[in-house]
Amino acid sequence: MQKILIVGAGKGGYALLKLIEQADYLQVTGVVDINEEAPGMIYAKKKRIPTYSDWTVPLSGDIQIIIDVSGQKKVFQELLANRPATAVLIPGGIANLIVTLIEEKNDYIQIIDHKTMMQELIFNSIEEGMIGIDDQGIVNFFNKSAEKMTKMPVEEAIGKHVHEVISLSELPRIFETGCFELNKELTLESGTKIVTSRYPMINEEGKRVGAFAVFKDISEVVRLAEEITNLTEIQKMLEAIIYSSDDAISVVDEEGKGILINPAYTRITGFSEEEVIGKPATADISEGESIHLKVLQTRKPIRGVNLRVGEQKKDVIVNVAPIIVNNHLKGSVGVIHDMTEMRLLMKELDHARTLIRNLELSFSFEDIIGKSEQIQFAVNQAKLAASVPVTVLLRGEVGSGKELFAHAIHTASNRKYNQFIRVNCSSQEEHLLERELFGYEEGGTSYPGLFDEANNGTIFLDEVGELTNKTQAKLLRILRENAIIRVGGTTSIPVDVRIIAASYFNLEKLMLEGTFREDFYFQLNRMPIHVPALRARKQDIPLIANHLLVKLNKEFGRNIEGFTKSAMESLHFYDWPGNLRELENIISRTMIFLEAQDRIIEEHHLPKYILAMSDDGSDEEQIGTLAEQMDVMEKKVLLNALRVCEGNKSQTAKKLNISLRTLYYKLEKYHLD
C-alpha cells in the first residue's frame with residue numbers, strides 16, 4: 001500500500017484526492033492547505049482523512065509519495081529539500097496531467113459502455129431473433145427474441161456450440177462456404193416455425209470470422225392466415241366503409257377508366273355512376289387536369305391539388321394515390337374534399353372560438369375571492385361603480401387584480417352584453433396606439449379602431465400613467481364629448497363607451513412633474529377604487545389558494561385536494577411582491593412538478609425561496625440554490641426600482657442601466673408585468 005501526502009487542496013488537489021481514493025493500492029494519509037474551506041479540505045474531512053495547514057507536520061518516514069498541487073514554486077522547492085529520503089516528490093503539473101489522462105480514459109470508457117448498452121438495447125428490442133457464432137461454431141451472440149423462440153435463456157446459450165442450441169442450424173456450413181442464404185423455413189425444437197436468413201461474417205481483411213442468422217417467428221402469420229377464410233366478406237366490409245365516407249372517393253383502373261365511386265362523390269360532383277363508370281378520368285373535371293392520369297403516369301401519389309369539378313364548378317381539394325399490387329400498377333384511388341363544406345366548418349369553428357373567448361373573459365364579482373375588510377371595501381365600491389355610468393380609476397400594485405375588477409364591473413353593468421376590450425397603454429408607441437384606439441383614414445378609406453368596436457361596451461385602459469400628453473388630450477375629448485376623430489381624419493364620430501382606467505403609478509406625482517394632465521386626471525378620477533395588495537390581506541390567502549387549486553386542477557387535469565398546514569403557513573409568511581399573479585404562478589408551477597400519486601401539496605413541494613421566508617435561515621437546506629437566491633434578489637431589486645420610479649418602466653430601465661427590452665423580459669419572467 002503506497003502512502004501519499006497531497007499538498008494543495010484546491011480544484012486540482014480535490015480531483016486528485018477523489019481519483020486516488022478509487023485505487024486499492026494507494027492511501028492518502030494527509031491533505032495540506034492553508035485554506036480550510038478549500039474543496040479538497042472539506043472532502044478530506046468528510047472522508048476522515050487527516051488535514052493540515054502546515055506541510056512540515058505530516059512529513060514522516062512512512063510516506064512514499066508527495067504530490068505538490070499548491071501551484072507555488074517556493075513550496076515545491078522546500079518540499080524537495082525537506083522530503084524524506086524514501087519519498088518521491090511529484091510536481092503538480094505532472095499530477096494534473098495524470099488526472100486529465102485518467103479522466104479522459106474514463107470518459108472514453110463511458111462512451112464505449114454507452115454505445116455497447118445502446119447496441120444491446122436495440123438488438124434486444126427488435127422482434128426478429130438473432131444468433132451469431134465464431135469460427136469454432138460457438139455461440140457468441142444471442143438476443144432476447146431468440147431466447148423467446150428457442151425457449152433457451154441467453155446465459156445458457158452463450159458459450160455453447162450452436163448445435164446444442166439449435167440442432168438443425170446451418171450456420172457452421174455458412175461459415176465454411178462463405179455463401180449467404182435467404183428466407184429458409186425451419187422448425188425449432190420448441191415447435192416454433194421460423195423463416196431464417198443466414199450470413200457469413202467477414203472482417204476488414206476479408207477473412208471469415210463467424211456467421212450469424214436472423215429469423216422471424218411465422219407461427220402468428222400462419223395463424224392469422226387461417227383466420228382469413230372469407231375474402232368476399234372482407235370485400236363487402238371495405239365497400240361499406242367507402243360508401244359510408246363523407247369524402248368523395250373515386251377509383252380508376254390502369255387505363256384511367258372509372259371503376260368505383262361512392263354516394264358522396266355523386267353528391268359533390270353531381271355525376272352518377274352511369275356517367276363515370278367505364279368513362280375516362282377526365283369526365284368530372286370542370287377546370288384543371290386529371291390527377292388520376294398524372295398518378296398513373298408517374299406511379300407516385302399527388303396530394304393537395306385544387307380543382308373545380310361538376311357542372312356547378314365546386315372548389316375541391318384532391319388527393320390521389322396509385323394502387324400497386326405485386327409491383328404492378330392496377331389503377332389509382334382519389335379522395336375529394338369539398339372546400340365549400342370545409343369553409344362552412346371553419347366559419348363555425350371561428351364562431352365557436354369567439355364564443356369561448358368571450359366566455360373565458362367574462363368574470364364577475366364572485367371571482368374576486370376574499371373576506372378581509374380591505375377586499376370587501378374595494379368590492380363594494382366596485383359594485384356601486386357598476387350601477388352608474390361613471391368613469392372608474394383602479395389603483396393598485398402589479399398583479400393585485402385590477403383587470404379582474406374591471407371585468408367584474410363590466411359584467412355587473414348594463415353594458416355586459418357588449419364588448420369588453422383591454423388595451424395595454426405601455427405596450428405600443430404613441431402613433432401605433434392612437435391608430436389602434438381611434439382608427440385611421442388612409443387613401444380615402446376609413447379604418448375603425450377599438451373605440452368603434454367597443455361602442456356601447458367598455459374599454460379598459462391599463463397603465464394610463466404611461467400615456468403621452470397628446471394621447472391623454474385625445475382621450476379627454478372622448479370623456480367630455482363622447483366622440484372620436486380618426487388619425488388622419490377631421491370628422492367627429494360619436495361613440496358610447498365606458499372607460500375604466502388602471503394605474504400602478506403615483507398619478508398625483510406625475511401631475512406635479514408635468515407628465516400627466518391635470519384635467520385628464522380629474523376626469524378619470526371620478527370613481528377611484530384602490531385594489532389592495534395581497535400582503536395587506538394575508539388572511540385571504542387560504543381562500544384564494546384553494547380557489548386557484550380548483551381552477552388549476554381543471555386546467556391540468558389533476559386531482560390535488562389541498563395543502564398541508566405547514567405549506568399554507570409558508571404561503572402566509574411570504575410577502576408576495578407579485579401579488580395574486582405570483583401566487584397563481586407558484587401554485588401552478590408546484591402542481592406541474594408533483595408526482596402522479598400526490599394528492600396534497602406539502603411544504604417541501606414549494607419553491608425554496610418561499611420556504612426561506614418562514615424559516616430563520618439556520619437550516620442550510622432551506623436556503624435554496626444560488627440561482628434561486630439570485631432570482632429572489634433580482635426580483636426584489638426590480639420591485640424596489642419600480643416603486644422608486646412610480647412604475648415608469650422607461651425610468652426604471654434607465655436607473656438599472658439596462659435596456660427597456662431587457663426590463664420587459666425580466667418583468668415577464670417574474671410575473672411583474
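## A walk through the predicted model

The structure holds zero disulfides, and this statement, like the others below, rests on a predicted model. Two cysteines may serve as a first look at the surroundings of such side chains: C425 is buried, with a relative accessible area of 3%, whereas C179 is partly exposed, its relative accessible area being 48%. The protein chain as a whole contains 28 helices and 27 strands, and buried residues make up 40% of its 673 residues. If one considers the contacts in the protein chain with a separation of 6 or more, residues 24 or more positions apart account for 57% of them.

A good place to begin is an open sheet of five strands, in which the pairing is parallel and the order is β18-β21-β24-β17-β25. Its edge strands are β18, residues 420-424, and β25, residues 527-530, each of which pairs on one side only. From one strand to the next, the twist averages 20°.

Within this sheet, β21 deserves a closer reading. The strand spans residues 458-462 and pairs with β24, residues 498-503, in the parallel sense over five bridges; β18 and β21 likewise pair in the parallel sense over five bridges. Individual residues help to fix the register on each side: T458 stands opposite R498 in β24, the bridge partner of L461 in that strand is A501, and R422 stands opposite F460 in β21. How many of the five residues of β21 are buried? Five of the five are, so the strand is largely enclosed by the rest of the structure. The side chains can be sorted by direction, since T458, F460 and D462 point one way from β21 while I459 and L461 point the other way, and all are buried.

A second enclosed strand, β11, is paired in the antiparallel sense. Six of the six residues of β11, which covers residues 248-253, are buried, so this strand too is largely enclosed by the rest of the structure. Both of its faces are covered, with A248, S250 and V252 buried on one side and I249, V251 and D253 buried on the other. β11 pairs with β16, residues 328-338, in the antiparallel sense over six bridges, and within that pairing the bridge partner of A248 is I336. Three bridges join β11 to β12, residues 258-261, and these two strands also run antiparallel; here S250 stands opposite I261. β11 and β12 form a hairpin with four residues between them, and in the turn G256 has a positive phi of about 85°.

A single residue in another strand shows how a polar side chain can be placed in the interior. T196 belongs to strand β9, residues 193-202, and with a relative accessibility of 3% it counts as buried, the cut-off for that term being under 20%. A polar atom of the T196 side chain lies 3.4 Å from the backbone oxygen of V214. Leaving aside residues up to four places away in sequence, T196 touches L182, N183, K184, A213, V214 and F215, so that V214 appears both in this list and in the polar contact just described.

The helices can be read by asking which of their sides is covered. In helix α27, residues 649-656, the buried residues include K649, T652 and A653. These cover an arc of only 95° around the axis, which puts them on the same side of α27. On the other side of α27, K654 and K655 are exposed. What covers the buried residues of this helix includes α26, residues 626-644, and α28, residues 660-669. The two ends of α27 can also be described: at its start, a side-chain oxygen of N648 reaches to within 3.0 Å of the backbone nitrogen of S650, and just after the helix N657 takes a positive phi of about 60°.

Helix α23, residues 565-573, can be treated in a similar way. Which of its residues are buried? They are A567, M568, S570 and L571. Because these residues cover an arc of only 155° around the axis, they lie on the same side of α23.

Conventions:
Residues numbered from 1 in each chain as written. Predicted model: local features only at pLDDT ≥ 70, side-chain atom pairs only at ≥ 80, totals over all residues. Heavy atoms only, no water. Pairing = 2+ DSSP bridges. Axes fitted to C-alpha atoms, helices over the stretch in contact; angles between N-to-C directions. Buried < 20%, exposed > 50% of the residue type's maximum accessible area, 1.4 Å probe, protein only. Arc of directions from axis to C-beta. Contact = heavy atoms within 4.5 Å. Polar contact = N/O pair within 3.5 Å; in protein donor to acceptor, adjacent residues only side chain to side chain. Disulfide = S-S within 2.5 Å.
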